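Work through the exercises below with the model open. Each task is followed by a solution in steps.

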Amino acid sequence: MLEKLANKLRLKTDPAVFFVSVAAIIAFVATTFFFGDWVDSVFDTASNWIMTYLGWFYISGVTIFLIFLIWIGISRFGHVRLGSDDERPEHSTPAWFAMLFAAGIGSILMFWGVAEPVSHFATPPRGNVEPGTPAAAQEALGFTLYHFGLHTWTIFALPSLAFAYFIYKRKMPPRVSSIFSPILGSKVYGPIGKTIDVVALVGTVFGVATSVGLGTIQINAGLADLLGIPEDSWIQVLIIVVVSTLACISVGLGLEKGIKVLSNLNIAMAIGLLIFIVAAGPTLFLLKSTTEAFGTYASMLPELAFWNNAFPANDDLADWQNTWTVFYWAWTITWSPFVGIFIAKISRGRTVREFVFGVLALPVGFSILWFGIFGNASFDIELNQGGGLVSRVVDDGDIPGALFAFLSHYPAATLVSGLAVLLVVIFFTTSVDSAALVVDMMASGRDDLSPAYQRITWGALMGLTTISLLAFTGEGGLETLQKVITVVGLPFFIMGYIMMFSLTKGIRDDLGDRNPVVTRQWERAYTPEEWEENEHGPTPEPIGATNYIPPEEDDDEAHTEAKFNSFFGIDDEDEEGASTEKGQS
């Protein structure tokens with residue numbers, strides 16, 4: 001029956017996954033519309049239970065994922081290429097970075113760039129420093145970079161690597177269920193696999209809806225500052241409609257004409273805004289303090305990686321980690337399947353080592369620059385320019401308006417704030433359009449271009465889900481988004497542990513075990529003559545043939561990759577082919 005309906009609608013998708021997922025999302029939207037307070041109550045109860053009893057599971061989980069990625073990157077698996085053994089990257093490193101940035105964290109930087117450092121500056125999370133002091137500023141940046149540095153990109157990188165391996169090495173469908181094939185075997189094509197895909201797909205829609213909701217609130221705050229437009233739920237509904245419409249147009253144009261163009265545009269605008277803040281602000285102070293922020297982050301990271309706030313300084317800080325870190329990890333992991341497939345799609349042809357350290361290093365480096373500059377510029381306003389940000393962000397609770405309150409201290413504030421609103425719109429447009437493209441791939445199990453109206457359907461559903469969360473659940477806003485996403489994130493964390501095992505098993509099965517070590521066997525060497533006899537004995541022949549790795553072609557892509565490999569200390573392919581251990585591929 002579902003097959004006939006799909007044919008009648010001329011859909012190129014898996015009927016079961018598509019229609020069940022769409023039905024589940026529409027059912028949630030309808031339930032929220034008619035029983036918003038009840039839905040809010042259910043998620044409130046569930047999220048409180050999870051934060052109370054499972055917050056430690058979220059915290060330790062991400063750190064374990066990070067350790068796993070570093071291990072797999074430096075292990076013998078690091079040489080494995082995500083695609084055919086002689087394949088090379090489709091996109092240059094700069095274009096790759098731009099799309100990584102736009103799809104993964106660009107929108108987050110705009111929302112939290114000022115708000116989070118200022119929040120922790122006014123209320124130090126561990127309560128061990130005086131609020132509003134230079135010591136509080138340093139700790140605030142350490143926590144902010146913990147939230148948006150290696151750990152955030154670990155959550156994106158793990159499923160991305162798994163998707164890239166199983167889609168491009170094993171040539172499997174672009175679905176979450178494909179990752180579990182080493183465990184489930186051919187059952188991933190049956191009801192079990194389809195159930196995994198539906199759960200992942202619906203959860204991803206919620207994760208993207210949370211991001212769109214945050215962006216909507218921030219756009220509304222910016223328009224309120226610029227044009228006096230009220231911050232109202234119906235204004236936010238209108239903003240969601242506009243952003244979703246733009247996203248649907250972009251996703252209809254496809255990756256090259258739509259998403260890639262917008263990604264390059266918003267990274268250019270973001271860098272321009274960053275340069276403006278450095279040039280118009282206390283330039284020397286920002287350069288020095290941002291460099292110092294990296295050291296602060298590096299020194300705090302080992303402790304924060306497993307910090308669970310077991311001994312809070314006071315009752316007010318007892319729930320701090322639940323409302324900040326646990327929310328971040330749950331939110332990030334729910335849209336990691338979408339980001340995962342998207343990053344996998346643009347990373348075909350790279351080695352596991354290139355992928356891991358590229359995805360972890362490039363965006364994290366930019367995040368350190370972004371938060372270092374915006375955070376320290378905010379501290380300068382508070383410490384040296386009369387303040388005002390703490391009052392608005394912390395006392396008034398206006399987190400979405402933090403960026404615009406910050407920009408009011410800079411020249412051409414109205415113009416720059418208007419450009420910032422446009423930048424937020426573009427960031428969230430690229431999030432929705434790339435999410436619609438990827439979710440459609442997850443539903444169809446195909447990586448070829450589907451009908452435009454099929455992809456647009458997913459963009460519209462994301463917009464409807466965002467509207468239902470913001471406009472119809474209790475008081476709406478950031479608090480509702482936090483509750484929903486904390487609950488939805490739990491099954492994704494469980495999937496993460498299974499994913500590590502499955503990925504390792506898959507690569508090991510394809511690569512094969514190491515050949516046994518063969519050494520020269522020495523006899524007794526108690527005398528000089530015996531030692532000389534052993535020393536001049538023959539060296540044993542190696543076991544197995546050395547695998548040949550084709551040399552790189554002398555083209556632009558090869559030159560870009562060579563520079564990338566040099567930067568991260570990766571051996572050149574020619575040397576690699578000559579020195580690879582016997583039997584290792």
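**Exercise 1. Find what the side chain of T332 reaches, then place the residue in the fold.**

Step 1. The side chain of T332 reaches the backbone oxygen of Y328 at 2.7 Å. This is a polar contact, defined as a pair of N or O atoms within 3.5 Å; within protein, one must be able to donate a hydrogen and the other to accept it, and residues adjacent in sequence count only if both atoms are side-chain atoms.

Step 2. T332 lies in helix α15, residues 320-334. Helices (H or I, at least four residues) and strands (E, at least two) are DSSP runs numbered from the N terminus.

Step 3. An α-helix has 3.6 residues a turn, so residues three or four places apart point the same way.

Step 4. With a relative accessible area of 3%, T332 is buried. Buried means under 20% relative accessible area, exposed over 50%, and partly exposed in between (1.4 Å probe, protein chains only).

Step 5. Leaving out residues up to four places away in sequence, T332 touches T152, I155 and F156. Contact means heavy atoms within 4.5 Å.

The model is predicted: local features need pLDDT of at least 70 and side-chain atom pairs count only at pLDDT 80 or more, while totals for chains, interfaces and linings use all residues. Residues are numbered from 1 along each chain as its sequence is written, and side-chain values use heavy atoms, with hydrogens and water left out.

**Exercise 2. Describe helix α9 and the residue K171 that follows.**

Step 1. Helix α9 covers residues 150-169, and 19 of its 20 residues are buried.

Step 2. α9 is followed by K171, which sits in the loop between α9 and α10 (181-184).

Step 3. Is K171 buried or exposed? K171 is exposed, at a relative accessible area of 51%.

Step 4. Phi of K171 is positive, near 60°, in a residue other than glycine. Most residues other than glycine have a negative phi.

**Exercise 3. Compare the setting of N309.**

Step 1. N309 belongs to the loop between α14 and α15.

Step 2. Its phi is near 55°, a positive value in a residue other than glycine.

Step 3. N309 counts as buried, with 9% relative accessibility.

**Exercise 4. Work out how α14 and α17 pack.**

Step 1. Helix α14 (residues 283-304) and helix α17 (residues 352-384) pack at an angle of about 120°, with their axes 9 Å apart. Axes are lines fitted to C-alpha atoms, for helices over the stretch in contact, and angles run from 0 to 180 degrees between N-to-C directions.

Step 2. α14 and α17 are therefore oblique to each other. Angles under 35 degrees count as roughly parallel, over 145 as roughly antiparallel, 65 to 115 as roughly perpendicular, and the rest as oblique.

Step 3. On the α14 side, F285, L286, S289, T290, F294 and Y297 meet I368, L369, G372, I373, N376, A377 and D380 of α17. By class, this contact has eight nonpolar, four polar and one charged residues.

**Exercise 5. Locate E354 and its partners.**

Step 1. E354 is in helix α17 and is buried, with a relative accessible area of 1%.

Step 2. Its side chain reaches the backbone nitrogen of T351 at 2.9 Å.

Step 3. E354 and V80 are 274 residues apart in sequence, and 9.9 Å apart in space, C-alpha to C-alpha.

Methods. Ala, Val, Leu, Ile, Met, Phe, Trp, Tyr, Cys and Pro count as nonpolar, Asp, Glu, Lys and Arg as charged, and the others, Gly among them, as polar.
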